[in-house]
Amino acid sequence: MLEVCLLAVIERNMSTNHRPDPEQLLRQLQAEEQFYRRGRLKIFLGYAGGVGKSFRMLDEARRRRARGEDMVVGAIQPKVSPEVDALLQRMQVIPQRIMDGVPTMDVEAILRRHPQVCVVDGLAYDNPPGSAHPKRWQDVEHLLSSGISVIATVNLQHIEERREQVEKITHKHVTETVPESFLRNADEIEIVDAPPDFCLQHGPDGLLPNGAGSATLSPQQLSELREIALLLAADVVDYQLEAYLARHGIEQLWGAHERILVYVSPYADAAKMIASGRRNADRFHGELFVAYVNWPDITPEEKTVLEGNLAQARAANARIEALDGEDQADTIMQFARSHGITQIFLVNELSNSWWDRIFGQPVEHLIRAAENIDVRVFPAEDAAHA
Amino acid sequence: MPESTHRGTLKIFLGYAAGVGKTYQMLDEAHKLKDEGVDIVLGYFEPHGRRDTIIKAEGLEILPRRKIEYRGAVFGETDVEAILRRRPQVCVIDEFAHTNVPGSQRNKRWEDVQVLLDAGIDVLTTMNVQHLESLNDQVWQFTGIRVRETIPDWVVKQADEVVMVDLPPQALLNRLLRGVVYTPEKARQAMENFFKESTLVALRELAIRQTAHEVDVRHPLEEETETAELVEGDHESLPSPRQRSSDRILILVTEDPSSAALIRRGRRVADYLQAECLAVCVLRDGSVHRIPESQREAVEKHMKFARNLHIEPSVLRGEDVAQTLVDFARLHKVTQIFIARPQQKKWSMVFGRGLVERVVRLAHDIQVTIVAERRR
């Protein structure tokens, strides 16, 4: 929706000498309708406290206010750095309500004031009992649906789906979380990145809920969190790209990451090839698929081999796909193309006549069809002597 | 000031397009360093007439550019000599991927930066992800634009720190509309070409993933080896201890234009797997001097390109390319051979007796990766 909105704006500004076509006008109308119906959400994502999210967000708020947008601050963290405080001095702040001794975002007051944009520093807070919503991100949802745009910050460790992964690194239990879908469905996310030593210098410990500041984390822990946050952001961007393309009816274009397809058969143990696929997918931060073709008549021994391969694939946490099709090479290629595969791994079973029986000119057939896709042929011995 | 014996540190601010705020963020850091008492200068500063950037540079020492005349016009390039004389602790050099005007001492700005680093000066610089050599084909696939100014991956790998400068594409397009990035006509042109939203989203994802990779290779990881489980037997010549996997990749360089993309891909995979990367070129007489000139030029160009990416190609003598390649691979404990996928029109000629098939058959104990040229 937001892109539509933007397109409309671009068209208004850039194409004044073009006559707008009806489709453009329709888009513009839809965009404007959308614009008034729901606020826009922008989230600043950081990997730890002290990375500079609050500063970046308030700096943006300052610039947007200078450009004439009606901005208020709805929630701020209990402790802020002097730089952030200096920015806050120049903003209208809606005082938080104290409930049960806990400062809580005053949603009613913000709704009454009804600014264009509300600044929410720290999405992951639990509201005290008796609040309209148990979670602050739900308050934000309320503001958005009332037509108020929100710019907000969140830290990696508060993303529900990444919590376990993060806790393994930090050994700190976090209870206040925001679902990843909330991040994915934001109109914009912006990564706030800085080297770990920056966080260590600037991270005021105790500033975050649960006291999960950066000062107690080592540079190595911070570095690992940083990588996870970047990969999370890449996934969100990838998701948004796909959503964008789907909405605009644009032919599928794949994101920037590697997608590895390991093709397994009932004729060779593929344990090593699958393990290699997993390692490669990890190194490239990509996805791993394991595919096989439904064979109509295979011997019990062959079935055992295939099932062994699939067990390996499950253990490697691969996406397993059963394919049906007359021509095996075509079937694999069709799947590969429709899933944006960038590398196909397969075993060259020269010792077995299976390839020649089924494929005629097997490997070549596949390689020939593999436009835009790399094919990695594994030696049969390698795979067989797992 | 005494000559430094330490090499300077390199920090790269990585973005995905003009206007995301790389220079601004770099200058912000420069101010912070200056406030901490660090002796810092702007060795090359390119504000592109952007007001915010110009204001941001106020209070920082800017060294004049070196004037170079070329075809009747005067260009300003980094004055490396002047920086060396001035000897700051830290030097800010904008636009790492820039190609110097002919007549400059060095071809590329990143080469200027090497000189500063060697002299013990720390450098802060900016670049966009699309300038990374190994991403050239992928970027072209996404954008239709063949980026000419590239930086070899090893140069970026040298950096002590890579920081992502992010801005959502919509915000970037808004900046463009407000005339913050370019003049109105140029902005309009840009939006019809490079600055299409889908292109920007894809480039951004590429930049984020690249930064994640740069972070990944810079924090200590557990030992992991690819071949340890893949190939039986002993390794007589293991890679240096710094290498974290015993993978070894061998690229077949030929006169075919597909060699460039093959080299880039092989290099990228090797870097991600932290593998060693070798290349060979097989010639009938074992010498580039006895082949037709057109072929020789192409082969030499590709070998030079490989060297530029820190891959030292060996020239082998052999009538039978596949056999010579595989023999070399076996001798050097190669775990993966990289060859190019023949182009469509050549298939009919080589079908059944093709190089690819022969290599796959001969290399029955080595993995073979057939790299497809990326098409749009």
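Reader: What makes it proper to speak of domains in chain B, and where do their bounds lie?

Author: In this predicted model, chain B is divided into domain 1, residues 10-218, and domain 2, residues 227-371. These bounds come from an automatic or database domain assignment. The C-alpha centres of domain 1 of chain B and domain 2 of chain B lie 34 Å apart.

Reader: How do you know that the two domains of chain B touch, and how many residues does the contact take from each?

Author: Two residues count as being in contact if their C-beta atoms lie within 7 Å. By that rule, domain 1 of chain B contributes seven residues and domain 2 of chain B eight residues. On the side of domain 1 of chain B that touches domain 2 of chain B, α5 (136-143) and α6 (153-158) of chain B each supply at least two residues. By class, that side of domain 1 of chain B has two nonpolar, two polar and three charged residues.

Reader: Why is E46(B) called partly exposed?

Author: A residue is buried with 20 or more other C-beta atoms within 10 Å of its own, and exposed with 12 or fewer. E46(B) has 16 such atoms within 10 Å, and is therefore partly exposed. E46(B) belongs to the loop between β2 (40-44) and α2 (51-56) of chain B.

Reader: Which residues does E46(B) contact, leaving aside its neighbours within four places in sequence?

Author: With those neighbours set aside, E46(B) is in contact with D94(B) and E95(B). E46(B) and D94(B) are 48 residues apart in sequence, yet their C-alpha atoms are 6.4 Å apart in space.

Reader: What makes β6 and β7 of chain B a pair, and in which sense do they run?

Author: Two strands pair if at least two bridges are found between them. Strand β6 (residues 90-93) and strand β7 (residues 122-128) of chain B have four bridges, so the requirement is met, and the sense is parallel. One of the residue pairings is that of V92(B) with L124(B) in β7(B).

Reader: To which sheet of chain B do β6 and β7 belong, and which are its edge strands?

Author: The sheet is open and has six strands, in the order β3-β2-β6-β7-β1-β8 of chain B, with parallel pairing. Its edge strands are β3 (61-62) and β8 (161-164) of chain B, each of which pairs on one side only. Helix α4 (residues 109-118) of chain B lies across β1 (10-15), β6 and β7 of chain B, at about 160° to β7(B). Helix α9 (residues 197-218) of chain B lies across β1 and β8 of chain B, at about 150° to β8(B).

Reader: How do you know that β13(A) and β13(B) are paired, and do they run parallel or antiparallel?

Author: Three bridges join β13(A) to strand β13 (residues 367-371) of chain B, against a requirement of at least two, so the two strands pair; they run antiparallel. In β13(B), I370(B) is the bridge partner of V375(A). Both strands belong to an open sheet of 10 strands with mixed pairing, in the order β11(A)-β10(A)-β9(A)-β12(A)-β13(A)-β13(B)-β12(B)-β9(B)-β10(B)-β11(B).

Reader: Why do β11(A) and β11(B) stand at the edges of this sheet?

Author: β11 (319-323) of chain A and β11 (313-317) of chain B each have a single partner strand, so one side of each is left without a neighbour in the sheet. From one strand to the next, the twist averages 25°. For β11(A), the pairing with strand β10 (residues 287-293) of chain A is parallel and has five bridges, and V290(A) stands opposite I320(A) in β11(A).

Reader: How many residues does the contact between the chains take from each, and which element of chain A gives the most?

Author: The contact takes 59 residues from chain A and 53 residues from chain B. On the side of chain A that touches chain B, α10(A) gives the most, with 15 residues. The residues of that side divide into 30 nonpolar, 11 polar and 18 charged.

Reader: What is known of the largest nonpolar core?

Author: The largest nonpolar core has 121 residues, and those with the most contacts inside it are V119(A), L230(A), A233(A) and L14(B). Helix α10 (residues 219-247) of chain A gives the most to this core, with 11 residues. A second, separate core of 82 residues includes F289(A), A318(A), L250(B) and L278(B).

Technical notes:
Residues numbered from 1 in each chain as written. Chains lettered and ligands numbered in written order. Predicted model: local features only at pLDDT ≥ 70, side-chain atom pairs only at ≥ 80, totals over all residues. Core = buried A, V, L, I, M, F, W, Y, C linked by C-beta atoms within 7 Å. Nonpolar A, V, L, I, M, F, W, Y, C, P; charged D, E, K, R; others polar. Axes fitted to C-alpha atoms, helices over the stretch in contact; angles between N-to-C directions.
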